[in-house]
Amino acid sequence: MGSHRFIHRLLSFHLHRAVNRWSLSAVLIGGAAVLGTGTLGFMWIESWGAFDSFYMTVITLSTVGFGEVRPLSEVGRLFAVFLILGGVATVGFAVSALGERIAEAPKRRLEARIRRMKDHTIVCGYGRIARPVVAGLSSLDRPLCVIERSREKVEEATRAGAFVLEGDATAEEVLERAGVRRAAVVAALLPSDGDNLSIAMTATGLQPGIRVIARSEEERSRANLERAGARAEDVVSPYRTAGRAVLRNLCSPETARLFRSLVETTPGAFDTGELSVTGDSGLAGQSLAETAIGAGRNVLVLAVQRRGGAMTAAPRGNLTLRPGDVLYLFGHPDDLRAVGAHRDTSQTA
């Protein structure tokens, strides 16, 4: 029995290294080869039938201690010793590898789905700020992947229906697994400014130009996050945002009620979109009023971005559109599609 314990300890110690080094098919083929060798060996040495030889091989390799099927010759016993030494490890690895492959099947399916994602949002962390973000994106059917290292929060996000990778979002390999090179947005929402800065630097290093939205607890961190690639308007301070909300409630309760109504509207009822003005779109050269974009539709023109970079918010009807302009619209998704607007994937977080 002592030798059996030693063998099992040895198997446990080397299991992960062996499984990583060998492919599952190679391990299974090796196990089948050992079973076949043992069966043929007992048939040749002891002149037994195929079934008795196979049964003897199985109980020898499994070390169950049932005893010999028939009395063994000295050569047969020596063969059994070598079969145990050479075969137990191989069969043990085969069984363990198969069990590990079955146990990791859900994880592999998840990562396969994430590999198929494109223009998605990566949400780093699943804390108080990230939860409503994930819920909102999910309600709008926006593709997203959550990275969280807390097992409890991973299970919580999974129950909420999100695709979740368990790991450290500041690690380059974890961001790679989340598809950062194909993503549209990375939302760094961890409690630590240093961790969010690390995520921003790594993400922009892997995909220059990716949009980074970052949480910042300290005002002094804003400049670092902007240097790392986050736009000024995409560095969000929970305390500053809360302070502005309180001020808005104090100074203009009616305006505050309007904002809350827009934000809390049934998810999917309204959306934002972009409409590009090209030379052959029929919009160039017309005034905003002449285009009649919102006529008979639930569509508002929030702003017009000029090719040179100037932004005109709440534009007047006499504004003449030029090729290269981009109209930012707000309205019902069906009406946005009807006027030719497309969803702004950079705004998914």
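Strand S4, helix H9 (residues 193–206) and strand S5 make a right-handed β-α-β unit. Keep in mind that this is a predicted model.

Begin with the two strands of that unit. S4 covers residues 185–188. S5 covers residues 211–215. S4 and S5 pair in the parallel sense, over four bridges. Find Ala-188 on S4. It stands opposite Ala-214 in S5.

S4 has another partner. Strand S1 (residues 121–124) pairs with S4, again in the parallel sense and over four bridges. Here Ala-188 of S4 stands opposite Cys-124. So Ala-188 turns up in both pairings: opposite Cys-124, and opposite Ala-214.

Now look at the two sides of S4. In a regular strand the side chains alternate between the two faces of the sheet. In S4, Val-185 and Ala-187 lie on one side. Val-186 and Ala-188 lie on the other. Are these four residues buried or exposed? They are all buried, and both faces of S4 are covered.

Return to Cys-124, opposite Ala-188. How many disulfides does the structure hold? Zero. Cys-124 is in no disulfide, and its nearest cysteine sulfur, that of Cys-145, is 8.6 Å away. A disulfide needs the two sulfur atoms within 2.5 Å, so this pair does not qualify. Cys-145 is likewise in no disulfide, and for this residue the nearest cysteine sulfur is that of Cys-124. Are these cysteines buried or exposed? Cys-124 has 0% relative accessibility, so it counts as buried. Cys-145 is buried too, with a relative accessible area of 0%.

Next, turn to the aromatic rings. The count comes to one aromatic pair. Phe-51 and Tyr-55 form it, and the pair is stacked. The ring centres are 6.5 Å apart, with 10° between the planes. Stacked rings have planes under 30 degrees apart, so the 10° angle fits that label.

Where do these two residues sit? Both lie in helix H3 (residues 50–62). They are four residues apart, about one turn of the helix. Their accessibility can be read off as well. Phe-51 has 61% relative accessibility, so it counts as exposed. Tyr-55 has 35%, so it counts as partly exposed. Set these beside the cysteines: Cys-124 is at 0%, and Cys-145 is at 0%.

Key. Residues are numbered from 1 along each chain as its sequence is written. This is a predicted model: local features need pLDDT of at least 70, side-chain atom pairs count only at pLDDT 80 or more; totals for chains, interfaces and linings use all residues. Side-chain values use heavy atoms; hydrogens and water are left out. Buried means under 20% relative accessible area, exposed over 50%, partly exposed in between (1.4 Å probe, protein chains only). Rings of Phe, Tyr and Trp (its six-membered ring) pair if their centres lie within 6.5 Å; planes under 30 degrees apart count as stacked, over 60 as edge-to-face and the rest as tilted. Two strands pair if DSSP finds at least two bridges between them. A crossover is right-handed if, with the strands pointing away from the viewer, the path from the first strand over the helix to the second runs clockwise.
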